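Here is a friendly walk through a protein model, written for someone who spends more time at the bench than at the graphics screen. Have the sequence and the structure open as you read.

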Amino acid sequence: MTIRVLVADDQMMVREGFSVLLNAMPDIEVVGEAVNGREALEKVRELAPDVVLMDIRMPELNGIEATREIIAADGTAKVLVLTTFDLDEYVYQALRAGASGFLLKDASARQLADGVRVVASGEALLAPSVTRRLITEFSKLSEAPGIPATAQAAYGDLTERETEVLVLIAQGLSNSEIAGRLVVAESTIKTHVSRILVKLGLRDRTQAAVFAYEARLVTPG
């Protein structure tokens, strides 16, 4: 199946450059472009893309608010945040808003295409080492001094093994790496991940990682 992509960025060169690179891939099609967050919302409703490449700093409606509205209104589109700096404080806010991961704007054509494929497939925790570093850094900015009551209640529904898997997800491990660490089949880990997402009411692995840090299951640092 072809992955349908919407590129949202206020810089024409970035939009056109990404569109050319992605359209050169046999399994990816750029179905539209947006110059700001407001237009991105309209294009998501009109074009139903699988993945939205979302710049954070845009006029009229920034990428964070646009991401929040897209996730709230659409049950299928995944948002992949575009940023110039890997420790951009706004990226963490976008992840909390529901983005499935982030990608640096200087990524190669292969990294860009692979990133779109990863997010479209639902794996979501893109570039684990960098994403983990960003989440670790900016989870310190969380306003809540302790575990929110809602997080505490949801966390209490997890089994001991599910909690263990959640912590490893937050540490950036893939399903195969977690399976190797726990000496179980990868299919077993996939089942655990699915149950974790359902119990916590989360969309994907990135949201699970954010939850683990905010619930203090993983200590930043």
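Let us begin with one glutamate: E65 is partly exposed, with a relative accessible area of 33%. Bear in mind as you look at E65 and everything after it that this is a predicted model. E65 forms a salt bridge with R68, and their closest N and O atoms are 2.7 Å apart. The two residues sit three places apart in helix α3, so about one helical turn separates E65 from R68. R68 is also partly exposed, at a relative accessible area of 36%.

**Salt bridges**

How many salt bridges does the structure hold? There are ten, and the pair of E65 and R68 is one that you have just met. Another links E33 to R15, with 3.4 Å between the closest N and O atoms. Here E33 belongs to strand β2 and R15 to helix α1 (residues 12-23), so this pair ties together parts that lie 18 residues apart in sequence. As for exposure, E33 is partly exposed, with a relative accessible area of 29%, while R15 counts as buried at 10% relative accessibility.

A further salt bridge joins R117 and D114, whose closest N and O atoms are 3.0 Å apart. Both residues are in helix α5 (residues 109-121), and since they are three residues apart, about one helical turn lies between them. R117 counts as partly exposed at 27% relative accessibility, and D114 counts as partly exposed at 32%. This pair is part of a wider arrangement, in which salt bridges with shared partners join D27, R110, D114 and R117 into one network.

The three pairs can be set out together:

| Salt bridge | Distance between closest N and O atoms |
|---|---|
| E33 and R15 | 3.4 Å |
| E65 and R68 | 2.7 Å |
| R117 and D114 | 3.0 Å |

**The aspartate with a UniProt annotation**

Now turn to D55. UniProt, in an unreviewed entry, lists D55 for "modified residue: 4-aspartylphosphate". In the model, D55 lies in strand β3. Is D55 buried or exposed? With a relative accessible area of 6%, D55 is buried, because buried here means a value under 20%.

Which residues is D55 in contact with, once neighbours within four places in sequence are left aside? The answer is A8, D9, D10, G63, L82 and K105. If you would like to see the surroundings of the annotated aspartate, show D55 together with these six side by side: A8, D9, D10, G63, L82 and K105 are its contacts beyond four places in sequence.

**Two loops that meet**

Following strand β3 (51-55), a loop leads to helix α3 (63-73), and E60 lies in this loop. Phi of E60 is near 70°, which is a positive value in a residue other than glycine. E60 counts as exposed, at 67% relative accessibility.

What does the side chain of N36 make a polar contact with? Its partner is the side chain of E60, at 3.4 Å. N36 itself lies in another loop, the one between β2 (28-34) and α2 (37-47). N36 is buried, with a relative accessible area of 7%, whereas E60 is exposed. Not counting residues up to four places away in sequence, N36 touches M58, P59, E60 and L61.

**Another positive phi**

V183 also has a positive phi in a residue other than glycine, here near 55°. V183 is found in the loop between α9 (175-182) and α10 (186-200). With a relative accessible area of 72%, V183 is exposed.

**The whole chain**

Stepping back, the protein chain has eleven helices and five strands. Of its 221 residues, 49% count as buried, and D55 and N36 are among the buried ones. The accessible surface of the chain comes to about 10400 Å², and 52% of that belongs to carbon and sulfur atoms.

How do the contacts spread along the sequence? Taking contacts between residues at least 6 apart in sequence, 68% join residues at least 24 apart. The contact of D55 with K105 is one you can look up on the structure.

Conventions:
Residues are numbered from 1 along each chain as its sequence is written. This is a predicted model: local features need pLDDT of at least 70, side-chain atom pairs count only at pLDDT 80 or more; totals for chains, interfaces and linings use all residues. Side-chain values use heavy atoms; hydrogens and water are left out. Helices (H or I, at least four residues) and strands (E, at least two) are DSSP runs, numbered from the N terminus. Buried means under 20% relative accessible area, exposed over 50%, partly exposed in between (1.4 Å probe, protein chains only). Contact means heavy atoms within 4.5 Å. Accessible areas come from the Shrake-Rupley method with a 1.4 Å probe; for residues, only the protein chains shown count as cover. UniProt positions are given in the numbering used here, feature names are shortened, and annotations may be inferred rather than shown by experiment. A polar contact is a pair of N or O atoms within 3.5 Å; within protein, one must be able to donate a hydrogen and the other to accept it, and residues adjacent in sequence count only if both atoms are side-chain atoms. A salt bridge is a side-chain nitrogen of Lys or Arg within 4 Å of a carboxyl oxygen of Asp or Glu.
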